[in-house]
Structure formats: C-alpha cells, structure tokens
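Student: I would like to learn how to read a protein model. Can we go through one together, step by step?

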Amino acid sequence: MLDNMPRGTIVIEDLEVGMTRTLTKVVTDRDIELFAEVSTDRNPVHLDDDYAQDTIFEGRIAHGMLTAGLISAVIGEQLPGHGTVYLGQSLKFMAPVRPGDLVTAEVEVLEIDYSKRRVKLATHCRVGDTVVVKGEANVLAPSGKFD
C-alpha cells in the first residue's frame with residue numbers, strides 16, 4: 001500500500017468540511033485471489049484469463065467490492081479513522097479495475113452534524129484520470145469527549 005496520509009483518528013471536534021484523505025494501492029493478482037477466497041465470489045471474469053477475454057471487459061478485472069474496500073480503508077484508518085462506525089455507503093461502478101492498476105481512493109468531508117456525530121463523505125476511486133467507483137458514505141465519527 002502506498003498510503004500518503006497518516007493513520008489514526010480525527011475526532012469529530014476536529015473535522016472540517018472539505019477535508020480529504022487518500023490511499024493509493026496497486027491491485028495485484030494475489031489481492032484478487034484472496035478476495036475471491038474470502039468473499040467466495042469466484043466469478044471467472046476475475047480469475048480465468050481465457051474466460052475473461054471473451055467478455056465485454058476483454059480481460060480479467062478486479063472485484064468491484066475489492067476496489068470499494070479501499071474506500072473503507074481510508075475511512076477506517078484516516079478520515080475520520082480509528083473508531084469510526086460505517087452507517088451506509090452508496091456505490092456506482094464506472095469502469096473496470098484490472099490486475100496491475102494503481103488505484104487511488106479518496107474521501108472528502110461533505111457535511112458534519114456535530115450534535116449527532118454524523119458525517120457525510122464523498123467517496124471515489126480513480127485509476128489515472130478515470131473514476132472507477134464513486135459514491136457517498138455516512139459514518140458515526142469518534143469523539144474526543146466520549147471515546
């Protein structure tokens with residue numbers, strides 16, 4: 001993983017609209033194999049070169065949820081970070097991620113409800129200039145007053 005941001009926690013009292021954090025990772029064959037094992041999603045479009053060549057993707061692709069998992073890593077490790085509770089996530093898959101692609105996941109604070117400790121986040125993943133996943137997340141942020 002090529003994190004470019006520190007890990008830890010930003011408590012809700014320190015969050016501001018517009019804050020962003022990112023994580024960059026090369027998606028490997030091993031990542032895809034491990035995700036298939038853990039998720040039990042063994043669709044051959046992810047695992048079989050010959051099969052995948054004859055699909056609309058013309059080659060193997062990573063699981064969409066593997067890519068989306070990088071968003072979860074940013075939220076759980078950086079923004080807001082440790083102690084954050086996921087409440088919901090919308091996702092739209094825009095383009096495939098292939099083995100060897102360098103994926104950048106980015107999270108941005110859109111709205112903060114300090115009294116309820118709720119935070120709305122814009123989420124997306126890119127490969128180069130291409131957005132491959134986009135959506136929004138709602139989380140319960142940790143607080144320095146209670147946690």
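Tutor: Here are some questions on this model, with answers. The model is predicted, so local features need pLDDT of at least 70 and side-chain atom pairs pLDDT 80 or more, while totals for chains, interfaces and linings use all residues. Residues are numbered from 1 along each chain as its sequence is written, and side-chain values use heavy atoms, with hydrogens and water left out.

Student: Which pattern of helices and strands does the protein follow along the sequence?

Tutor: Start with the terms: helices (H or I, at least four residues) and strands (E, at least two) are DSSP runs, numbered from the N terminus. The protein has four helices and five strands. Read along the sequence, the pattern is β-α-α-α-α-β-β-β-β.

Student: What percentage of the residues is buried?

Tutor: Buried means under 20% relative accessible area, exposed means over 50%, and partly exposed lies in between (1.4 Å probe, protein chains only). The protein has 147 residues. The buried share is 39%.

Student: What share of the contacts joins residues at least 24 apart?

Tutor: A contact means heavy atoms within 4.5 Å. Take the contacts between residues at least 6 apart in sequence. Of these, the share joining residues at least 24 apart is 66%.

Student: Which residues tie helix α1 to the loop between α3 and α4?

Tutor: A salt bridge is a side-chain nitrogen of Lys or Arg within 4 Å of a carboxyl oxygen of Asp or Glu. One such bridge joins Arg60 and Asp29, at 2.4 Å from N to O. Arg60 lies in the loop and Asp29 in helix α1 (residues 29-39), so the pair ties together parts that are 31 residues apart in sequence. The residues are Arg60 and Asp29.

Student: Is Arg60 buried or exposed?

Tutor: Its relative accessibility is 14%. Its partner Asp29, at 38%, counts as partly exposed. Arg60 counts as buried.

Student: Which residues are linked with Arg60 in a network of salt bridges?

Tutor: The structure holds five salt bridges. Some of them form a network that includes Arg60. The residues linked with Arg60 there are Asp29 and Asp49.

Student: Lys25 also forms a salt bridge, so which residue does the side chain of Lys25 meet?

Tutor: The N to O distance is 2.7 Å. Lys25 is buried, and its partner is buried too. That partner is Asp31.

Student: Which strands hold Lys120 and Glu136?

Tutor: The two side chains meet in a salt bridge, 3.7 Å from N to O. The pair links distant parts of the chain, 16 residues apart. Lys120 is in strand β4 (residues 118-127) and Glu136 in strand β5 (residues 130-140).

Student: How far is Glu136 from Thr123 in space?

Tutor: Leaving aside neighbours within four places in sequence, Glu136 has several contacts, including Lys120, Leu121 and Thr123. Glu136 and Thr123 are 13 residues apart in sequence. In space, C-alpha to C-alpha, they are 5.3 Å apart.

Student: Which residues make the nonpolar surface patch?

Tutor: Patches are made of residues with over 30% relative accessible area and no salt bridge; like charges are joined within 9 Å, and nonpolar side chains (Val, Leu, Ile, Met, Phe, Trp, Tyr) within 5 Å. Met65, in helix α4 (residues 64-77), is partly exposed at 48%. The patch covers about 270 Å², an area from the Shrake-Rupley method with a 1.4 Å probe, where for residues only the protein chains shown count as cover. Its residues are Met65, Leu91 and Phe93.
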